[in-house]
Amino acid sequence: MLKIVIATRNAGKLKEISEKLKDYPVVLVSLLDYPQIPEIEEKGTTFSENAFLKASTVSHYTNLPALADDSGLEIDCLDGKPGIYSSRWGKTDEERIEKVLKAIQETRNKERKARFVCAMCLVIPKYPENRTLTSEGFCYGKITNFPQGDAGFGYDPIFMPDGYNLTFSQLGVEIKNKISHRAKALDEILPQIIAYFQLK
Ligand code: IMP
C-alpha cells in the first residue's frame with residue numbers, strides 16, 4: 001500500500017489530515033515516526049515556498065512521498081500578520097492568541113476580518129527528478145474578542161468562520177474539517193494524488 005509521510009509534528013494538523021485521508025488506501029506516518037529528522041527552518045517568504053521546503057526535505061530524508069502543510073492566520077487590520085510567522089508569534093498557543101488580541105486592540109480598529117491560509121505540497125521522490133503536487137485553501141472569518149471553546153489547536157479559539165456564530169474550537173474537528181483552509185487544500189490535492197498513484 002502507498003505510504004506517505006505527513007511532514008509535521010503538529011498533533012492538530014496530523015489529526016485533521018489523517019481524518020480526511022482515512023478512507024483512502026494509504027498508510028500514513030509522520031515526523032513523529034522519524035525523530036532523527038532535524039527541525040526544518042521555514043526560510044521561505046510564502047506559505048507555498050515553506051510547504052515545498054518541508055515536503056522536499058522530508059522526502060529526501062525518507063525516500064517516501066512527503067505531504068507538507070504550511071498554514072497561518074492573516075488578519076486584515078494587522079496588514080496580514082501574523083501570516084507566515086503564525087507559529088513563531090509566541091512560545092505557546094495561549095501566548096500567540098494573547099499577542100494577536102492585544103495587537104488588534106492597539107489598532108483601535110473595529111474591523112476584525114481575517115482568513116486562514118493553507119498551502120499543501122506533496123513531493124514524490126522519483127528518478128531523475130522529484131515530482132511535486134500542490135494546492136491552496138482559504139477560510140474567511142473574523143477574530144473574536146476573547147477565546148471560546150476547547151477543541152482544535154493554534155488560533156482556533158479566536159477564529160469564527162463566516163456563516164457561523166461559533167469559533168473553530170466550539171465547532172469541533174468534524175465541522176472544521178469540512179470548511180477549513182486545510183480541508184479545502186486537501187480537497188484540491190487529493191484528486192491529484194489519486195490520479196497520480198491511480199488509487200481506487
Ligand atoms: P506552520 O504551518 O507549521 O508554520 O504553523 C502554522 C501555525 O499557524 C500553527 O502553529 C498555528 O499557530 C496556525 N494555524 C495553522 N492552521 C491552523 C488552524 O487550522 N487552526 C488554528 N491555528 C492554525
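1. Which helix does Lys-102 lie in? Lys-102 lies in helix α3. Bear in mind from the start that this is a predicted model. Lys-102 is exposed, because its relative accessible area is 51% and the cut-off for exposed is over 50%. Now look for Asn-145. Lys-102 and Asn-145 are 43 residues apart in sequence, yet their C-alpha atoms are 9.9 Å apart in space.

2. Go next to the start of the chain. Strand β1 covers residues 2-6 and strand β2 covers residues 26-30. The two run parallel and are joined by five bridges. One position to find is Ile-6, which stands opposite Ser-30 in β2. Between these strands in the sequence comes helix α1, residues 11-20. Together β1, α1 and β2 form a β-α-β unit, and the unit is right-handed.

3. Strand β1 has another partner. It pairs with β3 in the parallel sense, over two bridges. Here Val-5 is the residue to find, standing opposite Ala-66 in β3.

4. Strand β3 also pairs with β4. How many bridges join β3 to β4? There are ten, and these two strands run antiparallel. Take Gly-72 as an example: its bridge partner in β4 is Val-117.

5. Is β3 mostly covered or mostly open? It is mostly covered, with ten of its ten residues buried. Side chains in a regular strand alternate between the two faces of the sheet. In β3, Ala-66, Ala-68, Asp-70, Gly-72 and Glu-74 point one way. Leu-67, Asp-69, Ser-71, Leu-73 and Ile-75 point the other way. Residues of both sets are buried.

6. Helix α2 spans residues 47-62. Check its length. At 1.5 Å a residue, its 16 residues should span 22 Å, and the end C-alpha atoms are 23 Å apart, so the two values agree. Just after α2, Asn-63 takes a positive phi of about 60 degrees.

7. Which residues of α2 are buried? They are Phe-47, Asn-50, Ala-51, Lys-54, Ala-55, Ser-56, Val-58, Ser-59 and Thr-62. An α-helix has 3.6 residues a turn, so residues three or four places apart point the same way. Try that spacing on the list above. The buried residues of α2 pack against β1, α1, β3 and β4.

8. Now the open space. The largest pocket has a volume of about 650 Å³. Its lining is made by 30 residues. Nearest the centre lie Asn-10, Lys-13, Glu-42, Lys-54 and Ser-87. The elements giving two or more residues to this lining are β3, α3 and α5. Which element gives the largest share? It is β3, with four residues. Lys-54, from the pocket centre, is also one of the buried residues of α2.

9. Last, the enclosed space. A search of the whole structure finds one cavity of 30 Å³ or more. The largest cavity holds about 40 Å³ of space. Its lining consists of Ile-4, Leu-21, Tyr-24, Val-26, Leu-190, Ile-193, Ile-194 and Leu-199. Helix α5 gives the most to this lining, with three residues. Find α5 at residues 181-197.

Key: Residues are numbered from 1 along each chain as its sequence is written. This is a predicted model: local features need pLDDT of at least 70, side-chain atom pairs count only at pLDDT 80 or more; totals for chains, interfaces and linings use all residues. Side-chain values use heavy atoms; hydrogens and water are left out. Two strands pair if DSSP finds at least two bridges between them. A crossover is right-handed if, with the strands pointing away from the viewer, the path from the first strand over the helix to the second runs clockwise. The expected span of a helix is 1.5 Å times one less than its number of residues. Buried means under 20% relative accessible area, exposed over 50%, partly exposed in between (1.4 Å probe, protein chains only). Contact means heavy atoms within 4.5 Å. On a 1 Å grid over the protein atoms alone, a cavity is a set of points where a 1.4 Å probe fits but cannot get out, and a pocket is an open set with protein on both sides within 12 Å along at least five of seven lines; lining residues have an atom within 4 Å of a point. Grid points are joined across faces, edges and corners, and a volume is the space filled by probe spheres set on the points.
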